[in-house]
Amino acid sequence: MLKILTSIVCILVSCSAFAQNDVKEDSIILKKIYSTSLLNGNSYQWLDYLSNQIGGRLSGSINAQLAVEWAEKELKKIGIDKVWLQPVMVPKWTRGVTEFAYIETEPGKTTNVPICALGGSVPTFIGGTKAPIIEVKHLSDLEKLGIDQVKGKIVFYNRPMQADLISTFSAYGGCVDQRYSGAAEAAKYGAVGVIVRSMNLRKDDFPHTGSMSYGTLKNKDKIPAAAISTNGADLLSSMLKLNPNIKFNFNMNCRTWKDVQSYNVIGQITGTTLPNEYMVVGGHLDSWDLGDGSHDDGAGVVQSMEVLRLLKEIGYKPKRTIRVVLFMNEENGLRGGKKYAAVAKNKGENHVFALESDAGGFTPRGFSFDCDTANFDQIKSWKPLFEPYLIHYFVKGRSGADIGPLKKEKMVLAGLRPDSQRYFDYHHAKNDTFDAVNKRELELGAATMTSLVYLFDTYGVK
Ligand SMILES: [Zn+2]
């Protein structure tokens with residue numbers, strides 16, 4: 001009995017010594033990762049090229065193709081085991097000439113307001129669609145108004161993002177139905193067009209585009225839809241209060257084409273002892289076309305590339321196979337994410353972990369995780385390792401749109417969560433440009449992602 005007790009004590013002592021050793025070793029590796037990213041990082045230079053030399057990368061555009069070729073070439077340069085392109089058909093929609101809109105208080109008396117077409121919208125009539133305009137706050141308001149009051153008018157959705165929500169993503173989620181389904185709903189009541197308040201908490205002059213859907217509407221029933229800047233929305237609303245008979249005119253010649261060939265870009269470090277367990281880190285290579293897509297999602301692209309480069313740079317050889325996947329067409333179709341998951345399933349690849357960065361290149365705060373309790377408990381045990389880098393936010397929740405289709409039991413999906421207060425100032429707008437991204441914040445994000453990948457590779461998924 002004494003012998004048994006002695007050996008139990010010995011095991012416990014050696015276990016705790018082992019755990020402490022690991023924590024020490026892990027702290028040293030995390031320090032190396034952060035230092036390398038901040039002293040010798042490459043994410044910012046990559047973003048400079050992607051944003052300033054290529055620019056906005058709407059699916060199916062020449063720029064999107066240039067971004068594919070550039071990413072493939074850059075990944076090959078960092079000397080990982082394998083780099084390849086995964087074909088995927090994507091939608092192609094073009095904006096055409098810059099949109100134009102004005103409020104008409106009486107014939108000949110007009111005030112211009114900034115608008116942009118929503119992604120996927122049909123064009124207005126040539127020369128513009130002009131009609132009386134009616135303001136609503138919710139999609140359900142249309143039912144109360146009825147066909148009589150909506151028919152022949154432009155519907156103006158003007159529900160602002162809720163300012164007292166600390167997560168701006170929650171505020172976005174509470175508003176985006178206006179943009180996504182506003183046109184489909186208004187068309188049912190005979191509206192001739194839709195203007196949507198931009199999803200932006202700040203008052204400014206930038207209209208913010210984004211995807212929309214006509215649902216099951218037939219082509220002949222589709223009506224044009226545009227976003228108006230927050231300042232423009234406030235002006236329009238106050239003018240409507242003074243005179244409900246004002247008219248709105250908007251002119252857009254956007255167009256949807258046949259689907260075209262594009263690619264996900266994939267790079268891989270093959271695992272040493274568990275090569276058949278796959279870990280993915282990624283962002284989306286496509287962007288909207290108004291700015292250069294630096295925050296959404298150039299930042300996530302270069303941070304994901306940097307994860308593999310940093311692991312190589314510090315001489316870490318992962319047990320598991322680690323892939324960077326630069327997804328195509330997140331913004332207006334999610335075709336890349338769906339394709340990657342379908343191919344992985346077909347090949348029987350066992351994906352155990354996926355991490356996406358698609359919330360801007362701002363100061364990282366932590367991650368949100370889509371996983372079971374056992375894995376979340378393990379994640380929480382790593383919190384002290386992240387303390388020195390002011391990474392405190394570890395919650396259960398959503399991960400990322402592109403990695404969502406990979407979801408299965410016994411898998412950890414994660415999303416990098418940077419500070420979100422300024423994200424919607426830039427999201428899908430002309431000012432989402434390279435100068436809006438801070439070098440250190442971007443590099444801290446890349447290091448935070450690399451640290452999580454390192455920890456999951458070292459300890460595995462429960
Ligand atoms: Zn995005």
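These are legends for a set of close-up views of a predicted model.

**View 1. The zinc ion and its protein donors.**
Here we zoom in on the zinc ion, held by His-284 through NE2, Asp-296 through an OD atom and Asp-358 through two OD entries, at 1.9 to 2.7 Å. Reading along the chain, these donors are spaced as H-x11-D-x61-D. Asp-296 belongs to helix 8 (residues 294-313), while Asp-358 sits in the loop between strand 13 (350-356) and strand 14 (364-370), so the pair ties together parts that are 62 residues apart in sequence. What geometry does the site of the zinc ion have? With four donor atoms and angles of 51 to 147° among them, the site comes out as irregular. Tetrahedral would need all angles between 85 and 135 degrees, so that label is off the table. As for solvent, Asp-296 and Asp-358 are both buried.

**View 2. A cis peptide bond next to a zinc donor.**
Stay with Asp-296, one of the protein donors of the zinc ion, and look at the backbone. The peptide bond running from Asp-296 to Asp-297 is cis, its omega being near 0°. Asp-297 is in helix 8, and helix 8 also holds Asp-296.

**View 3. The largest cavity.**
How many cavities of 30 Å³ or more does the structure hold? Just one. The space inside the largest cavity comes to about 60 Å³. Its lining takes in the run Ser-287, Trp-288, Asp-289, Leu-290 and Gly-291, then Gly-293 and Asp-296, and finally His-428, Ala-429 and Asp-432. Sorted by class, that lining has three nonpolar, four polar and three charged residues. Asp-296 turns up again here as a lining residue, besides being a zinc donor.

**View 4. His-428, a lining residue with an unusual phi sign.**
His-428 is part of the wall of the largest cavity. The residue sits in the loop between helix 12 (423-426) and helix 13 (439-459). Its phi is positive, at about 65°, even though the residue is not a glycine. Is His-428 buried or exposed? With 7% relative accessibility, His-428 counts as buried.

**View 5. The second largest pocket.**
This pocket encloses about 210 Å³ of space. Arg-95, Thr-98 and Glu-99 contribute to the lining, along with Pro-114, Ile-115 and Cys-116, then Asp-205, Phe-206 and Pro-207, plus Leu-290 and Lys-430. The class tally for this lining is six nonpolar, one polar and four charged residues. Leu-290 is worth finding in both views, as this residue lines the second largest pocket and also the largest cavity.

**View 6. A buried salt bridge in the pocket lining.**
Two of the pocket's lining residues, Arg-95 and Glu-99, pair up in a salt bridge, with 2.6 Å between the closest N and O atoms. Both Glu-99 and Arg-95 are buried.

**View 7. Salt bridges within helices, and a network.**
The model has 26 salt bridges in total, and two more of them are framed here. In the first, the side chains of Glu-74 and Lys-77 come together at 2.9 Å, N to O. These residues are three apart in helix 3 (residues 62-77), which puts about one helical turn between them. Glu-74 is buried at 12% relative accessible area, whereas Lys-77 is exposed at 58%. In the second, Asp-141 bridges to Lys-144, with the closest N and O atoms 3.4 Å apart. Asp-141 and Lys-144 are likewise three residues apart, in helix 4 (residues 141-150), and about one helical turn separates them. Asp-141 counts as buried at 16% relative accessibility, and Lys-144 as exposed at 65%. Elsewhere, salt bridges with shared partners link Arg-95, Glu-99 and Asp-289 into one network.

**View 8. Two loops to finish.**
Leu-334 lies in the loop between strand 12 (320-327) and helix 9 (335-346). Its phi is near 60°, which is positive in a residue other than glycine. The other loop runs between strand 15 (393-396) and strand 16 (412-418), and Arg-398 is found there. Arg-398 is exposed, with 72% relative accessible area. What separates the C-alpha atoms of Arg-398 and Leu-413? The distance is 8.2 Å, for two residues 15 apart along the chain.

Technical notes: Residues are numbered from 1 along each chain as its sequence is written. This is a predicted model: local features need pLDDT of at least 70, side-chain atom pairs count only at pLDDT 80 or more; totals for chains, interfaces and linings use all residues. Side-chain values use heavy atoms; hydrogens and water are left out. On a 1 Å grid over the protein atoms alone, a cavity is a set of points where a 1.4 Å probe fits but cannot get out, and a pocket is an open set with protein on both sides within 12 Å along at least five of seven lines; lining residues have an atom within 4 Å of a point. Grid points are joined across faces, edges and corners, and a volume is the space filled by probe spheres set on the points. Ala, Val, Leu, Ile, Met, Phe, Trp, Tyr, Cys and Pro count as nonpolar, Asp, Glu, Lys and Arg as charged, and the others, Gly among them, as polar. Donors are N, O and S atoms within 2.8 Å of the metal (3.2 Å for Na, K and Ca); water is not among the atoms, so sites may look incomplete. Four donors count as tetrahedral if all angles lie between 85 and 135 degrees; four count as square planar and six as octahedral if opposite donors are over 155 degrees apart and all others between 65 and 115; anything else is irregular. Helices (H or I, at least four residues) and strands (E, at least two) are DSSP runs, numbered from the N terminus. Buried means under 20% relative accessible area, exposed over 50%, partly exposed in between (1.4 Å probe, protein chains only). A salt bridge is a side-chain nitrogen of Lys or Arg within 4 Å of a carboxyl oxygen of Asp or Glu.
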